[in-house]
Amino acid sequence: MKKMIKMSLVAAVAVAGLTTTASAGNLEDMIKDTKMAGYVRYQLVTDHENSTDTDEQAKIVAKITTPVNDMVTANVKMVAGETSTQNADTKAAMNITEGNFVIKAAGATVIAGLQTSQSPFMANNGDTRSHGFTALVPAGPATIAAAYYTTTVGGGLASPAMTNDVLALGALVKAGPANINLWYATVEDGANLSNGGDIADTLNTLNTAFDDASAMSVELTAKAGPVDVQVMHTEVENGGDTLGALTKAVVTGKAGNISYMAAYAMTAEEGGQVTLDNDSDAKSDLGLDNLNMQSVADATAFAVSGKIKMDNNMCASIAYLAGDTAGTDFDELDVKVGYSVSKNFKASLLYAMGDDAGTDFGYSQIELKYTF
């Protein structure tokens, strides 16, 4: 009986193959220009303040891009991630973060469908996903941007936050060696999606405040000799009351095989929350691996970093952030060594330590990452 079943399956496949031979060439034409890019990453994080606390973090990101015709391109992006702690049973979470069509005509670009935000108020790291439309229209030396998202879910896979009916408008202006980016956004309401605990309470407070919020951002970037300069101010308000504001100035440059950065940032007395998706990876934030300015109120801080490429395969970096909030100091020191096993496969070791408003932290992270 099993052999007959197997033969029946083989016959079915053969018949299907014969009936579709005529379209095989068309299928080959359809997929020949399709591109896939992404990465597979594994991290092992050990908390040295608590010797029993070890996390394993796995993440897979894959994006498929295929042309539909001369004007339209289709994109699909999948993000799967899992964080496992000792003695905890967890399951991987998988999200489709992009499923959209990019339409280009007469110099304009329209993105329709599930996408990542173009504004500085949300992270563009593959975790935040927005449902809606984005339009980019050239106008002389400027590009006018407009976006409407019915729903946006962000804040990472573990503790998502939601904002609804987000309308964002932007003007991206090039003036000689400088670029000026202006953004404004409004949010009709937000909803808490967390599962409980301190994070849920925090997100619930933030999203309640987003019931009728607005956000604005002004960014100036310019090249001054061998360095690049960025000055940015972002703030979020609700009913005229400031929920959070952050101002930062960043200088980056490169000298030989050394890259460097110096930055200064300050937050408003009300807080530093300047993202609409509760994600510290947004462009408007400033931080290191553990500390970020978005999480502190009435704070000032400076950060410096340097990276040296020792040969074609190895590099080392060091970064330091220090500041104070309400008279309480905080600081973080990160030391990282990376090695390229091959062109697309890298291994790194990170050690981070610091003081978060009186609480010491220290942990190490081993990371393996393959890009494709």
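This tour moves through a predicted model, from the whole chain to selected strands, turns and side chains.

**The whole protein**

Begin with the entire chain in a cartoon view. The protein has two helices and 18 strands. Of its 372 residues, 36% count as buried. Among contacts with a separation of 6 or more, 49% are between residues 24 or more positions apart. If a surface is displayed, about 20000 Å² is exposed, and carbon and sulfur atoms supply 60% of that area.

**Strands β10, β11 and β12**

Next, select residues 213-224, which form strand β10, together with residues 227-238, which form strand β11. The two strands are antiparallel and pair over 12 bridges. To see one position of this pairing, display Thr-221, which stands opposite Gln-230 of β11. The hairpin of β10 and β11 has two residues between the strands, and Gly-225 there takes a positive phi near 65 degrees.

Extend the selection to residues 241-255, strand β12, which pairs with β11 in the antiparallel sense, again over 12 bridges. Here Val-231 has Ala-249 in β12 as its bridge partner. β11 and β12 also form a hairpin with two residues between them. In that turn, Gly-239 has a positive phi of about 60 degrees.

**Two alanines with positive phi**

Most residues other than glycine have a negative phi. Two alanines are worth selecting with this in mind.

Go first to Ala-106, in the loop between β4 (93-105) and β5 (108-115). Although Ala-106 is not a glycine, its phi is positive, at about 55 degrees. Is this residue buried or exposed? Ala-106 is exposed, because its relative accessible area of 85% lies over the 50% cut-off.

Then move to Ala-326, which is found in the loop between β15 (314-325) and β16 (328-342). The phi of Ala-326 is also positive, near 50 degrees. With a relative accessibility of 68%, Ala-326 counts as exposed.

**Strands β13, β14 and β15**

Select residues 258-267 for strand β13 and residues 299-309 for strand β14. These strands run antiparallel and are joined by nine bridges. Ala-262 has Val-304 in β14 as its bridge partner. On to β15: 11 bridges join this strand to β14, and the two run antiparallel. One pair to display is Lys-309 with its bridge partner in β15, Cys-315. The hairpin that joins β14 to β15 passes through four residues.

**The surroundings of Thr-134**

Now centre the view on Thr-134, in strand β6 (residues 129-139). Its relative accessibility is 2%, and therefore Thr-134 counts as buried. Show side chains around this residue. Which side chain makes a polar contact of 2.7 Å with that of Thr-134? The partner is Gln-115. A polar contact of 2.8 Å also joins the side chains of Thr-134 and Tyr-149. Beyond its neighbours within four places in sequence, Thr-134 is in contact with several residues, including Thr-109, Val-110, Ile-111, Gln-118, Ala-146 and Ala-147.

**A charge over a ring**

Finish by selecting Lys-369 and Tyr-39. The charged end of Lys-369 sits over the ring of Tyr-39, at 4.3 Å from the ring centre. For a further search among the rings, the count of aromatic pairs comes to three.

How values were computed:
Residues are numbered from 1 along each chain as its sequence is written. This is a predicted model: local features need pLDDT of at least 70, side-chain atom pairs count only at pLDDT 80 or more; totals for chains, interfaces and linings use all residues. Side-chain values use heavy atoms; hydrogens and water are left out. Buried means under 20% relative accessible area, exposed over 50%, partly exposed in between (1.4 Å probe, protein chains only). A polar contact is a pair of N or O atoms within 3.5 Å; within protein, one must be able to donate a hydrogen and the other to accept it, and residues adjacent in sequence count only if both atoms are side-chain atoms. Contact means heavy atoms within 4.5 Å. Rings of Phe, Tyr and Trp (its six-membered ring) pair if their centres lie within 6.5 Å; planes under 30 degrees apart count as stacked, over 60 as edge-to-face and the rest as tilted. A charge sits over a ring if NZ of Lys or CZ of Arg is within 6 Å of the ring centre and within 35 degrees of the ring normal. Accessible areas come from the Shrake-Rupley method with a 1.4 Å probe; for residues, only the protein chains shown count as cover. Two strands pair if DSSP finds at least two bridges between them.
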